[in-house]
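Trainee: I should like to examine this structure with you. May we go through it one question at a time?

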Amino acid sequence: MSVGAAMACAGAAAWVMGGWDSGARRARLLCAGGGVVATGPPTWERALLGWRRLRGRLRAEGWSLVAGLLIALLGGSVLPLLLGAAAVPLFGRMRRAAEARRERERRGDAVIALCGALAGEVGAGRQPGESLLRAARDSDGLGDAQPVVLAAARFGGDVPGALTEAARQPGAEGLVGLAACWRVAVDRGAGLAAGLDRLEGALRAERDQRADLRAQLAGSRSTAWMLAGLPVLGLLLGTALGADPLHVLLHTGPGLGCLLVGGVLEGVGLWWALRIVRGAETA
């Protein structure tokens, strides 16, 4: 099986490098009688484009299933395929959490941009309601609550209340400060532009602090993932030495026991390490 896999890899590499396709292109050129033949991009470019399309369509949970299928074929057991299928919901949850985090960060940046634009409009001498309409036109800081907030600003409604409701969206917590500045400016006649400038500076400082903390914890997170990948390296080394670890793990009783205990310890250790990192970020 290993010899067959090596021959298949060598054939795929030769095909990707253009060995077979170059002969086909020479044949087309000879049959064309010296004319111009549109052969398209080289094979390696088409293969790279196909790989990018496949990577874009397959999400993290899809790659878990593909990896389980590959290991099942190499090990001659259906157990890796079942484990890969069982890991699909877990990887899907991790992907959705990452997408939600990126959405929160994007909305937080939009709120900061909204505060800066609104401060500029108010500083130019425009009324607060008109300034909010102009600033929200070029920013997505209000999110899904933008029609409600703009309607309140246009028709003299409760703008601070609408902003407070909009602040319940993930990442839009800075709108609570904007609502407070608006309420103080309307009720007590305070300068809205100065309050917005201070609010923008505070939100920017908080965002930079979170980014700096995330950068400092990136090494710890990478170390946790690297340690989690060490068993895979051990399997590869055992295969290279001819020990056939997949057969031992998947087809013997002690191997299945080691696989079960090691998988549980691996999962618990990775979860605990990432939990420590997330706890530091939250604090």
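Trainee: Which residues does L132 touch, leaving aside residues up to four places away in sequence?

Mentor: The model is a predicted one. Residues up to four places away in sequence are not counted here. What remains for L132 is a list of six names: L118, V149, L150, A153, V159 and W182.

Trainee: Which residues of the largest nonpolar core touch the most other members?

Mentor: This core has 32 residues. L132, whose contacts include L118 and V149, belongs to the group you ask about. The full group is L118, L132, L142, V149, L175 and L178.

Trainee: Which helix gives the most residues to this core?

Mentor: At least two residues of the core come from each of α6 (88-123), α7, α8, α9, α10 (175-188) and α11 (192-228). With 7 residues, the helix that gives the most is α6.

Trainee: Why are the buried residues of α8 on the same side of the helix?

Mentor: Helix α8 covers residues 146-154, and its buried residues are Q146, V149, L150, A152 and A153. They lie on the same side of α8 because the arc they cover around the axis is only 155°. On the other side of α8, the exposed residues are P147 and V148.

Trainee: Which helices do the buried residues of α8 pack against?

Mentor: V149, L150 and A153 are among the buried residues of α8, and L132 touches these three. L132 falls within 128-137, the range of α7. The buried residues of α8 pack against α7 and also against α9 (159-166).

Trainee: Which residue just after α8 takes a positive phi?

Mentor: Helix α8 ends at residue 154. Just after α8, a positive phi of about 75° is taken by G156.

Trainee: How many disulfides are there?

Mentor: A disulfide is a covalent bond between the sulfur atoms of two cysteines. To be counted, the two sulfur atoms must be within 2.5 Å. For C115, the nearest cysteine sulfur is that of C181, 7.7 Å away, and C115 is buried, with a relative accessible area of 0%. The count of disulfides is 0.

Trainee: Over which residues does the pLDDT stay under 50?

Mentor: The chain averages a pLDDT of 79, and 77% of the residues score at least 70. Where pLDDT is low, the predicted coordinates should not be read in detail. One stretch with pLDDT below 50 is residues 34-39, which has 8 contacts beyond near neighbours in sequence. The other stretch, with 10 contacts beyond four places in sequence, is residues 12-24.

Note on methods. Residues numbered from 1 in each chain as written. Predicted model: local features only at pLDDT ≥ 70, side-chain atom pairs only at ≥ 80, totals over all residues. Heavy atoms only, no water. pLDDT = per-residue confidence, 0-100. Contact = heavy atoms within 4.5 Å. Buried < 20%, exposed > 50% of the residue type's maximum accessible area, 1.4 Å probe, protein only. Helix = DSSP H or I, 4+ residues; strand = E, 2+ residues; numbered from the N terminus. Arc of directions from axis to C-beta. Core = buried A, V, L, I, M, F, W, Y, C linked by side-chain atoms within 4.5 Å.
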